[in-house]
Amino acid sequence: MNHVMEKPVRQLDLGLDWRNSFAGLGEAFYTELRPTPLPDPCLVAGNRALAGALGIAPELLFSGDGVEALTGNRPIGGTRPLASVYSGHQFGVWAGQLGDGRAILLGEADTASGPQEFQLKGSGLTPYSRMGDGRAVLRSSIREFLGSEAMHALGIPTTRALCVTGSPAPVRREEIETAAVVTRVAPSFIRFGHFEHFSARGQHAELTRLADHVIDRFYPSCRTTDKFAGNACAALLERVSERTAAMVAQWQAVGFCHGVMNTDNMSILGLTIDYGPFQFLDAFDPGHICNHSDEQGRYAFNRQPDVAYWNLFCLGQALLPLIGEEDLALAALASYKTVFPLELEARMSAKLGLGDALPGDRELIEGILQLLAADRVDYTIFWRRLSRHVAGEGREGVRDLFLQREAFDGWLLRYLERLGAAGRELAGNRMLATNPKYVLRNHLGELAIRDAKLKNSGAVEDLLALVQAPYNEHPAHDDKAGFPPDWASQIEISCSS
Ligand code: AMP
Ligand code: MG
């Protein structure tokens, strides 16, 4: 026997109660393994607000020991690290087995915000890394960190990000970059692809166990519904369809483009997950493609609602062995087609400050979107300036955004008539709390990344503070609410991260 003396590694105690329910699903679902350490880790940015919400002292979490632990160099007491296996459809094609190729689930803990899973992304090779190196580069890790927190502050369901740590370890992409790790937090990281995996392999016992786990923990009302003849899995499919519809409606309303809506990047909880080449729109271009690897434009901004349905259909197919009857699955999926348009109309009405729906509202919404698209008007600036006009400012600010001013004048007249004098007074402030002044535009992220590469880590946390309060004025940061510079349209972001 070969006795190797291992140096004892001091565990970090975060003071949380870990229960690791995903690990309880059994070995077919994962491989237990530890993160691979990285040399000389440092804190790039910490999310103190989230640490506080979870009930973890930031001084401990972002201390030297905390940074070691969140880089994967030191175990956290009570965790049971693992990489999970899933499959999925990528760009419309069945890709077979994928899995956590560079993410490690540390476990699930009781926190001040309820049970939450903690995951390190970029933490080394796993059995599911395929051709990848198990790493994430600093650039994409900062984008995920800021992107998910910006979405959360906008009220959009998403995984959260607790911190980014960096290391000088080189990582090869188009050029040599450096490694980083994002700590992600969510009630669950289960994806549509987890269901597709066991269904495609005919592993029905595992498929059943997975569905039971998700229903019992996150959708318990599916067990007691009268709908679908009491079929809990059909009810689950309906609930996931509704949550996905509500999430995508929010994406469309705020101008968020995900970029890689593969079924393995779709959360069973209806959370925005796996921030890669995502983008908040600058100019309103409905056909905008933010992912440079997406040559066909499958994931263009205006295709997202249909793609979400396509992905739900894959989930429905995966659940079919449990649902039993195709008609029930189709009936469950049909909820997407009713909920999505209602949710979108509600979101767009809110952006316009409209109260209860009236006939003609849909024409107002479609009318302004057509004008915005025709003149490629900056989407965020338009909504903010319109809000300020409704709140009492002159109309020039918003009118100046259009080339076709007469067409805009006509729309504005109809819109202000619809609001009415009383409605207008109410609407202004509501609109300023609905239409953000700050979104995480690509060029803002890029500037923070440049600063972080120069070791000015404060830049990422400064931008975090801004996108965490996107409706506030922050007069000292007005420049970050302005038009993007010319070079912004040259930023190329692909799947390679
Ligand atoms: P994504 O498109 O980023 O969601 O990744 C698709 C699949 O590739 C997932 O299974 C990832 O875990 C895996 N993957 C992506 N990048 C890497 C990498 N650098 N190393 C290992 N696996 C990766
Ligand atoms: Mg992914």
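Here is a chat about a predicted model, from its metal site to its rings, strands and one helix.

Q: Before we start, what kind of model is this, and how are residues numbered?
A: It's a predicted model: local features need pLDDT of at least 70, side-chain atom pairs count only at pLDDT 80 or more, and totals for chains, interfaces and linings use all residues. Residues are numbered from 1 along each chain as its sequence is written, chains are lettered from A and ligands numbered from 1 in the order in which they are written, and side-chain values use heavy atoms, with hydrogens and water left out.

Q: OK, which residues coordinate the magnesium ion?
A: Asn265 through OD1 and Asp274 through OD, at 2.0 to 2.1 Å from the ion, which is ligand 2. Donors here are N, O and S atoms within 2.8 Å of the metal (3.2 Å for Na, K and Ca), and water is not among the atoms, so sites may look incomplete.

Q: Are asparagine 265 and aspartate 274 buried or exposed?
A: Both are buried. Buried means under 20% relative accessible area, exposed over 50%, and partly exposed in between, with a 1.4 Å probe and protein chains only.

Q: Switching to rings: how many aromatic pairs are there?
A: The count is 22. Rings of Phe, Tyr and Trp (its six-membered ring) pair if their centres lie within 6.5 Å; planes under 30 degrees apart are stacked, over 60 edge-to-face, and the rest tilted. Phenylalanine 256 and tyrosine 275, for instance, make an edge-to-face pair, 6.2 Å centre to centre with 65° between the planes.

Q: Why does that pair tie together separate parts?
A: Because phenylalanine 256 lies in strand 12 (residues 256-257) and tyrosine 275 in the loop between strand 12 and strand 13 (279-280), the pair ties together parts 19 residues apart in sequence. Helices (H or I, at least four residues) and strands (E, at least two) are DSSP runs numbered from the N terminus. Phenylalanine 256 is buried at 0% relative accessibility, and tyrosine 275 is buried at 3%.

Q: What about tyrosine 309 and tyrosine 336?
A: That pair is tilted, with 5.8 Å between centres and 45° between planes. It links helix 8 (residues 304-323), home of tyrosine 309, to helix 9 (residues 326-351), home of tyrosine 336, across 27 residues.

Q: Which charged ends sit over rings?
A: Arginine 143 sits over phenylalanine 278, 4.3 Å from the ring centre, and arginine 298 over tryptophan 310, at 4.6 Å. The rule is NZ of Lys or CZ of Arg within 6 Å of the ring centre and within 35 degrees of the ring normal.

Q: Now strand 10. What does it pair with?
A: Strand 3 (residues 42-46) is joined to strand 10 by four bridges, antiparallel, with cysteine 42 partnered to glycine 166. Strand 11 (residues 176-186) also runs antiparallel to strand 10, over nine bridges, and a hairpin joins these two through three residues. Strands pair if DSSP finds at least two bridges between them.

Q: How many of strand 10's residues are buried?
A: Ten of the 13, in residues 160-172.

Q: Last one: how far does helix 10 reach, and what does it pack against?
A: Helix 10 (residues 361-374) has 14 residues and reaches 20 Å from first C-alpha to last, close to the 20 Å expected; the expected span is 1.5 Å times one less than the number of residues. Its buried residues, including Leu364 and Ile368, pack against helix 9, helix 11 (379-390) and helix 13 (405-432), where contact means heavy atoms within 4.5 Å. Arginine 376 follows helix 10, with a positive phi near 50°.
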